[in-house]
Amino acid sequence: MNILIKSATILDTKSDFHNTIQDILIEDGLISKIGNNLKNPKKYQEIALENLHISQGWFDSSVSFGEPGFEERETIANGIKTAALSGFTTVALNPNTNPIADSSADISFVKSKSANGAVNVLPIGALTKNGAGKDLAELYDMMNAGAVAFYDYKTPISNPNLLKIALQYACNFDGLVCSFPQEDKISGLGVMNENITSTSLGLKGNPALAEELQIARDLFLLEYTDGKLHIPTISTAKSVTLIKEAKAKGLDISCSVAIHNLYFTDESLKEFNTNFKVKPPLRTQNDIDALINGLKDGTIDMVTSDHNPLDIELKKIEFDHADYGTIGLESAFGALLQKFTLKKTVEILTRGKQRFGIDTTPIQIGNKINATLFNPNTKYTFSEQYILSKSHNSIFKGEALKGSVYGSISNNVLALK
């Protein structure tokens, strides 16, 4: 791949050219020159776009596709295209397929199907066999096949001894164990945040306590085992406090938050729009404020789109019976830029890689190019025309967003809209 990028503002604090406007010459996938008014004697493809900005490639720690088994929701090929055109060069792929990805063969399938694509797809293996929460899956074998973490997607580990054993076992090969933060006996049949809004809507509530109790338990287990734990998609103010205290103790703990839990409160459910039915549920403004502060001070390690395509039959039904989940890759940048400065947005979208064993590649001469191209100044209302996924269950439909993505460059592949 040979490309000349013209007049791009480089936003990369690890680069000598940070916050400057430069031309970038890419030859055979490597950055060969960075400078002003670079010549193009070999007539390489030129990229000259309005208000072009470039950063290190973005990372999403929790993405779901569908293949194998749920190709009607999303295929690996189209999922890669969606991620690449949304600015993501690396995604960690959840194991919620059919069958559940709980063996080395399942991990190898994903690696094979996604090889040489525009996005680095890093499979997450199920923590337990068939995601049933009873017996540990083949963790070590999956790691050898390429799994970067182990997680029963959106399914809490109810047996504390099982999680204890998982943490102890994974220590032997530096495995990252993920535990969904919900105590099912407390959450019960709740479909939204337990609050005055749930009472007024007549919907069963899922209290913040269900999340916080599980996190407190998991942190005790982590301290006992001296393991390595990641808690995906926290949603409450108290959860932030618990994790901050655990980090102060020196525990090997990380966590993420879903973008929509930074953006919407439980009052958004007043129209009973099932696109707003997510897990964990949308909470209160006080929770949002605490989550944003947790991101700013480093308590929360990363933000995820928590992209989860679902076909229309799973969403266009009564609220109580609809499935949980929203797509989010396409709206991630525009939503974050409404909440944070450009500098902070880019930092959020590029951090968290080390936790999943991913090397960072600064925009420096001699490095492989792994970058995202975008314009931070556009304003638009997110609608169907911006959706690239096969499924259209987006929580952000109708929202005013800021900033658009041109595409990305990774694995010697240029993906441009």
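Contact here means that heavy atoms lie within 4.5 Å of each other, and this sense of the word applies to the packing around helix H4, where the cover over the buried residues includes strand E9 (177–178), helix H7 (208–225) and strand E12 (229–231). The model is a predicted one, and the points below take up an annotated span, an open sheet, the buried face of H4 and the cysteines.

**Annotated span**
- The unreviewed UniProt entry carries the annotation "domain: Dihydroorotase catalytic", which in that record covers residues 57–237.
- Across residues 57–237 the model has 38% helix and 14% strand, and the C-alpha atoms at the two ends of the span are 30 Å apart.

**The open sheet E6-E7-E8**
- Three strands, in the order E6-E7-E8, make up an open sheet in which the pairing is parallel.
- Strand E6 (58–63) and strand E8 (120–123) are the edge strands, and because each has a single partner strand, one side of each is left without a neighbour in the sheet.
- From one strand to the next, the twist of this sheet averages 20°.
- Between E6 and strand E7 (residues 88–93) the parallel pairing runs over four bridges, and within this part of the sheet Asp60 stands opposite Val91 in E7.
- Helix H2 (residues 104–114) packs on the sheet, where it touches both E7 and E8, and the direction of H2 makes about 175° with that of E8.

**The buried face of helix H4**
- In helix H4 (residues 160–170), the buried residues are Leu162, Leu163, Ala166, Leu167 and Ala170.
- These residues lie on the same side of H4, because the arc that they cover around the axis is only 135°.
- Among the elements that cover the buried residues of H4 are two strands, E9 and E12, together with helix H7.

**Cysteines without disulfides**
- A disulfide requires a pair of cysteine sulfur atoms within 2.5 Å, and by this rule the model has zero disulfides.
- Cys171 is in no disulfide, since the nearest cysteine sulfur, which belongs to Cys178, is 14 Å away; Cys171 itself is partly exposed, with a relative accessible area of 37%.
- For Cys255 the closest cysteine sulfur is again that of Cys178, and because the separation is 12 Å, the two sulfurs are too far apart for a bond.
- Cys255 is buried, with a relative accessible area of 0%, whereas Cys171 is partly exposed.

How values were computed: Residues are numbered from 1 along each chain as its sequence is written. This is a predicted model: local features need pLDDT of at least 70, side-chain atom pairs count only at pLDDT 80 or more; totals for chains, interfaces and linings use all residues. Side-chain values use heavy atoms; hydrogens and water are left out. Buried means under 20% relative accessible area, exposed over 50%, partly exposed in between (1.4 Å probe, protein chains only). Two strands pair if DSSP finds at least two bridges between them. Axes are lines fitted to C-alpha atoms, for helices over the stretch in contact, and angles run from 0 to 180 degrees between N-to-C directions. UniProt positions are given in the numbering used here, feature names are shortened, and annotations may be inferred rather than shown by experiment. The arc is that of the directions from the helix axis to the C-beta atoms.
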